[in-house]
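Open the viewer and keep the sequence panel in sight. This tour goes stop by stop, telling you what to select and what is there.

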Amino acid sequence: MSLLSVKDLNVRFRIGDDTFHAVKDFCLDMESGDKIALVGESGSGKSVVASAIFGILERNASYDGSIIFDGKELVSLNRAEFDAVRRKELVLMPQNVSQAWDPLIRIGKQMTEFITASGPSKTEAEEKAEEY
């Protein structure tokens with residue numbers, strides 16, 4: 001069984017009265033320890049695929065297909081269930097660091113919020129953030 005299996009992923013964006021098909025029938029199987037790079041021209045759908053897998057598509061997007069991570073079908077999870085998986089088991093490292101951190105909030109505070117979201121108390125999270 002694959003750690004991550006994406007089958008027939010389709011992503012669409014609603015723009016006004018039109019629907020734009022950004023990704024059609026994308027498939028991927030990834031085993032534990034694999035390293036995969038999504039490579040393509042600008043606008044080819046790399047970020048859209050990653051956003052669908054991590055459940056962070058824009059509000060005007062819809063998607064279907066199957067995204068199974070560690071035996072869990074992510075497409076069928078509700079927001080709270082998906083957030084629990086994402087906080088503890090999945091991590092997205094964006095290509096552009098400026099998208100990862102808010103320059104108006106101190107890094108330690110942002111790290112503490114991220115760590116707290118995965119379970120530890122605020123005090124424990126602050127201690128872990130200090131270590132980094």
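## Stop 1: two aspartates with positive phi

Select Asp 25, which lies in strand 2. This is a predicted model, and every value on the tour is computed from it. Check the backbone angle of Asp 25: phi is near 55 degrees, a positive value in a residue other than glycine. Most residues other than glycine have a negative phi.

Now go to Asp 8, in strand 1, residues 4-15. Asp 8 is not a glycine either, yet its phi is positive, about 50 degrees. Is Asp 8 buried, partly exposed or exposed? Asp 8 has 44% relative accessibility, so it counts as partly exposed.

## Stop 2: the whole chain

Zoom out and colour by secondary structure. The protein has four helices and four strands. Follow them along the sequence and you read β-β-α-β-β-α-α-α. The C-alpha atoms fill a box of roughly 45 × 40 × 30 Å, taken along the principal axes.

Turn on the surface. The accessible surface comes to about 9,400 Å². Carbon and sulfur atoms account for 52% of that surface. Of the 132 residues, 30% count as buried.

Show the charged side chains next. There are 16 positive and 22 negative charges. How far apart are their mean positions? The two mean positions are 3 Å apart.

Then think about contacts. Take those in the protein with a separation of 6 or more. Residues 24 or more positions apart account for 47% of them.

## Stop 3: helix 1, from the inside

Select Val 49, in helix 1. Its relative accessible area is 4%, under the 20% cut-off, so Val 49 counts as buried. Which residues touch Val 49, leaving aside its neighbours within four places in sequence? They are Leu 9, Val 23, Phe 26 and Leu 38. Draw a distance from Val 49 to Cys 27 as well. These two are 22 residues apart along the chain, and their C-alpha atoms are separated by 10.0 Å.

Stay in helix 1 and move to Ile 53. Ile 53 is buried too, with a relative accessible area of 7%. Show its contacts, again leaving aside neighbours within four places in sequence. You should find Leu 4, Val 6, Ile 67, Leu 74, Phe 82 and Leu 90.

## Stop 4: the second largest pocket

Keep helix 1 on screen. Rolling a probe the size of a water molecule over the atoms shows where empty space is left. The second largest pocket holds about 260 Å³ of space. Its lining has 14 residues, and the closest to its centre are Phe 13, Gly 45, Lys 46, Ser 47 and Val 48. Select those five names to find the place.

Which element gives the most to this lining? Helix 1 does, with four residues. Strand 2 (18-30) and helix 1 (46-53) each supply at least two residues of the lining.

## Stop 5: a loop between strands

Select Asp 70. Its place is in the loop between strand 3 (61-69) and strand 4 (72-73). Asp 70 has 43% relative accessibility, so it counts as partly exposed. Leave out residues up to four places away in sequence, and Asp 70 touches Leu 3 and Glu 89.

Now add Ser 2 to the selection. Asp 70 and Ser 2 are 68 residues apart along the chain. How far apart are their C-alpha atoms? They are separated by 7.3 Å.

## Stop 6: helices 3 and 4

Select helix 3, residues 107-117. Its buried residues are Gln 110, Met 111, Thr 112 and Ile 115. What do these buried residues pack against? They pack against helix 4 (122-131). Look just past helix 3 as well: Gly 119 follows, with a positive phi near 130 degrees.

Go on to Glu 130, in helix 4. Glu 130 has 69% relative accessibility, over the 50% cut-off, so it counts as exposed. Draw a line from Glu 130 to Met 111. They are 19 residues apart along the chain, with C-alpha atoms separated by 9.1 Å.

End with one longer line, from Met 111 back to Ile 53 of helix 1. The two residues are 58 apart in sequence and 23 Å apart in space, C-alpha to C-alpha.

How values were computed. Residues numbered from 1 in each chain as written. Predicted model: local features only at pLDDT ≥ 70, side-chain atom pairs only at ≥ 80, totals over all residues. Heavy atoms only, no water. Buried < 20%, exposed > 50% of the residue type's maximum accessible area, 1.4 Å probe, protein only. Contact = heavy atoms within 4.5 Å. Areas by Shrake-Rupley, 256 points an atom, 1.4 Å probe, with all protein chains shown as cover. Lys, Arg positive; Asp, Glu negative; His and termini not counted. Charge placed at Lys NZ, Arg CZ, Asp CG, Glu CD. 1 Å grid on protein atoms, 1.4 Å probe; cavity = no way out; pocket = protein on both sides within 12 Å on 5 of 7 lines; lining within 4 Å. Points joined across faces, edges and corners; volume = space filled by probe spheres on them.
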